[in-house]
Amino acid sequence: MQTATYFFIFLNLSLALFEEPAVYPLPFLATSVLEVLCLLVFLGRLTHFAKVTLHNVFWKDTKNICIMVAILLSLTDLAVYGVLRLYDVRSIRWSRIMRPIFLINFAESRQIRRAFRSIRNTLPEITYVFLLFMFSLLMFSLMALKLFGERNLQTAEGLPYFRNYLEIVFDLYVLVTTANSPDVMMPAFDFSSWYALFFIAFVIINTYIFMSLFLAVVYNNYKKHLKVMPGGACD
């Protein structure tokens, strides 16, 4: 049962590769039949679980409720999408985002739920570091706007350079990953080599200090919650 459950969960998640828009498109009938088959297997697994569980325990377990709601919504969405497709009305399969629910909420996925619960408990404790990083990013973006915005600089493509605050925030956010380095600084560097100090300071503070601090806080808190995570029937 466990192997079959994992197989159909994997098959259900893999349908995204073959449904429109798809990497390897298959006919709608083929993907819909496979999805219905997966949902029927999930429903059968849930029914089997209900047979061997006390009635009041089964209905108090939010995992079972989540699975049933996900099955009903997926079938409803599939039926509506199929009807609209018959009338050549373009629509979106919004229920696809619910498919990971089956991976998380079945009884066999206790370790995955523990990992998600640890992540959820870790988030409030890393919020302060994240807010501090965002404050630093916004302040550096404001300084960049004041330094370069009034000098009418242009990028290599002839576009305005650092004149829109939101675009500056995005460019410097990408610079934290060094994905656009050194291209993002070249217009300013060509104007004056001293402006390289601004980008060097930004990379040192945000990439090497804040990202290392952020990673350390995430790792330590996640490990702490993973160690103290209680086991039991509620898992």
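**Helices, rings and loops, question by question**

Q: Which orientation class describes α6 and α7 relative to each other?
A: Helices here are DSSP runs (H or I, at least four residues; strands are E, at least two), numbered from the N terminus. α6 and α7, the latter spanning residues 165–176, pack at about 120 degrees, with angles running from 0 to 180 degrees between N-to-C directions of lines fitted to C-alpha atoms, for helices over the stretch in contact. The classes are roughly parallel under 35 degrees, roughly antiparallel over 145, roughly perpendicular from 65 to 115 and oblique for the rest. The two helices are therefore oblique.

Q: Which pLDDT do local features need in this model?
A: Residues are numbered from 1 along each chain as its sequence is written, and side-chain values use heavy atoms, with hydrogens and water left out. This is a predicted model in which totals for chains, interfaces and linings use all residues, side-chain atom pairs count only at pLDDT 80 or more, and local features need a pLDDT of at least 70.

Q: How far apart do the C-alpha centres of domain 1 and domain 2 lie?
A: The bounds come from an automatic or database domain assignment, which gives domain 1 residues 1–108 and domain 2 residues 118–228. Between their C-alpha centres the distance is 40 Å.

Q: What is the handedness of the crossing of α6 and α7?
A: The axes of these helices are 9 Å apart. A crossing is left-handed if the near helix is turned anticlockwise from the far one by less than a right angle, and right-handed if clockwise. For α6 passing α7, the crossing is right-handed.

Q: Which orientation class do α2 and α4 belong to?
A: Helix α2 covers residues 28–51 and helix α4 residues 62–86; their axes come within 11 Å and cross at roughly 160 degrees. Their crossing is left-handed. With that angle, α2 and α4 are therefore roughly antiparallel.

Q: Why is the pair of Phe49 and Phe58 called what it is, and what is that name?
A: Rings of Phe, Tyr and Trp (its six-membered ring) pair if their centres lie within 6.5 Å; planes under 30 degrees apart are stacked, over 60 edge-to-face and the rest tilted. The count by this rule is 19 aromatic pairs. In one of them, Phe49 and Phe58 have ring centres 6.3 Å apart and planes at 50 degrees, so the pair is tilted.

Q: Is Phe58 buried or exposed?
A: Buried means under 20% relative accessible area, exposed over 50% and partly exposed in between (1.4 Å probe, protein chains only). Its partner Phe49, at 25%, counts as partly exposed. Phe58 has a relative accessible area of 5%, so Phe58 is buried.

Q: How many residues apart in sequence are the parts that Phe148 and Tyr195 tie together?
A: Phe148 and Tyr195 are edge-to-face, at 5.0 Å centre to centre and 85 degrees between the planes. Both residues are buried, and both belong to an aromatic cluster that also includes Phe140 and Phe202. Because Phe148 lies in helix α6 (residues 110–148) and Tyr195 in the loop between α8 (186–191) and α9 (196–228), the separation of the tied parts in sequence is 47 residues.

Q: Which residue has its charged end over the ring of Tyr81?
A: A charge sits over a ring if NZ of Lys or CZ of Arg is within 6 Å of the ring centre and within 35 degrees of the ring normal. Here the distance to the ring centre of Tyr81 is 5.9 Å. The residue is Arg93.

Q: Which proline follows Ser181 through a cis peptide bond?
A: Most peptide bonds are trans. One cis bond joins Glu20 and Pro21, with omega about -10 degrees, and Pro21 is in the loop between α1 (2–14) and α2. Another has omega near 5 degrees and leads into the loop between α7 and α8; its proline is Pro182.

Q: What is the phi of Thr178?
A: Most residues other than glycine have a negative phi. Asn152, exposed at 59% in the loop between α6 and α7, has a positive phi near 55 degrees. Thr178 is partly exposed at 41% and lies in the loop between α7 and α8. Its phi is also positive, about 65 degrees.

Q: How far apart in space are Tyr128 and Phe214, C-alpha to C-alpha?
A: Tyr128 is in helix α6 and, at 66%, counts as exposed. In sequence, Tyr128 and Phe214 are 86 residues apart. In space, the C-alpha to C-alpha distance is 9.8 Å.
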